[in-house]
Amino acid sequence: MIVTALVDNSRLEDRPDLGVERGLAIHLNTMGKQILFDAGSGQTFCDNAAKLNIRIQDVDAVAISHRHHDHCNGVSHFIDRNTTAPVYFRSCKSQDYRFKTFGFSSNVGIDKGLLDTMLFDKGLSDKDLPGKKNTQLELIQDDTEILPNIFLLTNINQQYPQPKGNQYLYTESEHGCQLDNFDHELMMVVKEDDGLVVFTGCAHNGVLNMVDTAVTRFPNTRIKAVIGGFHLVGLPVFNSIGGSKEDIRNIGRQLLTYPIDKLYTGHCTGMKAFGLLKEVLGDKLEHLPTGRRVEV
């Protein structure tokens with residue numbers, strides 16, 4: 001499998017031509033298929049793809065990890081360029097997503113107009129719409145094999161606590177404002193002949209829970225790599241960590257108990273948390289900035 005970071009919060013030092021944004025989009029080429037995992041917040045990933053010799057038109061499927069704008073709003077630019085690949089979201093009730101702290105509040109959710117554009121019947125919400133779609137939108141409620149040996153998992157184990165940075169993230173609906181329980185999040189697992197590759201998005205359900213889910217779903221199988229954000233940042237504007245330093249190190253220690261060869265991360269993990277994980281994980285952990293391409 002070849003994995004390329006099309007957009008992340010940072011970029012390779014020798015590629016100043018590539019755009020960056022606070023978002024995530026990852027391209028993978030595996031088993032004769034091309035997958036886009038998340039699409040950033042705008043057009044940047046498309047522009048970077050062209051500079052990295054990746055044709056958006058050739059992508060076979062898109063998986064969106066959750067409904068925060070920095071992972072999904074770029075879909076509007078994808079469907080302008082690729083009119084055939086299915087775009088998978090986890091089905092959930094219609095709601096707004098907000099970041100709140102110290103009296104400050106901002107919308108961090110999906111552009112509702114994007115879903116309106118993609119829905120077959122614009123008079124319906126997306127709450128219960130399996131089958132109600134245009135030629136590209138796919139809403140899934142359960143674990144789904146979208147292509148041979150490429151799985152989107154919605155039933156995520158809850159053995160470990162969710163990231164402490166989630167405390168600032170809320171949903172708003174007709175039922176009021178409440179902490180986000182991330183019932184809109186999914187993870188992706190690719191099963192190759194020599195092992196699994198796990199894609200986490202932001203891992204709001206917890207990177208440990210996602211790894212544990214992969215191990216449960218595919219027992220006795222090597223995990224070649226875990227790739228994506230781990231949401232260990234606290235307040236992004238201050239690049240603080242979610243929890244204590246020892247909390248982060250303990251996550252690293254727990255990851256070492258699983259059969260994982262490598263972890264590639266960036267985006268919402270936060271550089272301070274990355275450094276703490278690196279103390280524990282050593283060479284198992286690497287950064288995945290915009291433009292980096294790895295073979296796993």
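A salt bridge here is a side-chain nitrogen of Lys or Arg within 4 Å of a carboxyl oxygen of Asp or Glu. The structure is a predicted model, and a search of the whole of it finds 14 salt bridges.

**Exercise 1.** Find the salt bridge partner of Asp-17 and state whether each of the two residues is buried, partly exposed or exposed.

Solution. Step 1: the partner is Arg-15, with the closest N and O atoms 2.8 Å apart. Step 2: this separation is within the 4 Å cut-off. Step 3: Asp-17 has a relative accessible area of 35% and is partly exposed. Arg-15, at 22%, is also partly exposed.

**Exercise 2.** Locate the two residues of the salt bridge between Lys-164 and Asp-247 and explain what the pair ties together.

Solution. Step 1: the closest N and O atoms of Lys-164 and Asp-247 are 3.0 Å apart. Step 2: Lys-164 lies in the loop between strand E10 (150-153) and strand E11 (169-173), while Asp-247 belongs to helix H6 (residues 245-255), so the salt bridge ties together parts 83 residues apart in sequence. Step 3: Lys-164 is partly exposed at 47% relative accessibility, and Asp-247 is partly exposed at 25%.

**Exercise 3.** Classify Lys-262 and Glu-286 by burial and place them in their strands.

Solution. Step 1: Lys-262 forms a salt bridge with Glu-286, the closest N and O atoms being 2.4 Å apart. Step 2: Lys-262 is in strand E16 (residues 260-265) and Glu-286 in strand E17 (residues 285-287), so the pair links distant parts of the chain, 24 residues apart. Step 3: buried means under 20% relative accessible area. Lys-262, at 19%, is therefore buried. Glu-286, at 22%, counts as partly exposed.

**Exercise 4.** Describe the lining of the second largest pocket by position, element and residue class.

Solution. Step 1: the volume of this pocket is about 270 Å³. Step 2: 16 residues line the second largest pocket, and the closest to its centre are Pro-161, Gln-162, Pro-163, Asp-247 and Ile-251. Asp-247 is also the salt bridge partner of Lys-164. Step 3: helix H5 (207-217) and H6 each give two or more residues to the lining, with the largest share, four residues, coming from H6. Step 4: the lining divides into nine nonpolar, five polar and two charged residues.

**Exercise 5.** Give the volume of the largest pocket and the residues closest to its centre.

Solution. Step 1: the volume is about 640 Å³. Step 2: of 35 lining residues, Arg-22, Asp-70, Val-233, Pro-236 and Cys-268 are the closest to the centre. Step 3: by class, the lining of the largest pocket has 14 nonpolar, 18 polar and three charged residues.

Note on methods. Residues numbered from 1 in each chain as written. Predicted model: local features only at pLDDT ≥ 70, side-chain atom pairs only at ≥ 80, totals over all residues. Heavy atoms only, no water. Buried < 20%, exposed > 50% of the residue type's maximum accessible area, 1.4 Å probe, protein only. 1 Å grid on protein atoms, 1.4 Å probe; cavity = no way out; pocket = protein on both sides within 12 Å on 5 of 7 lines; lining within 4 Å. Points joined across faces, edges and corners; volume = space filled by probe spheres on them. Nonpolar A, V, L, I, M, F, W, Y, C, P; charged D, E, K, R; others polar.
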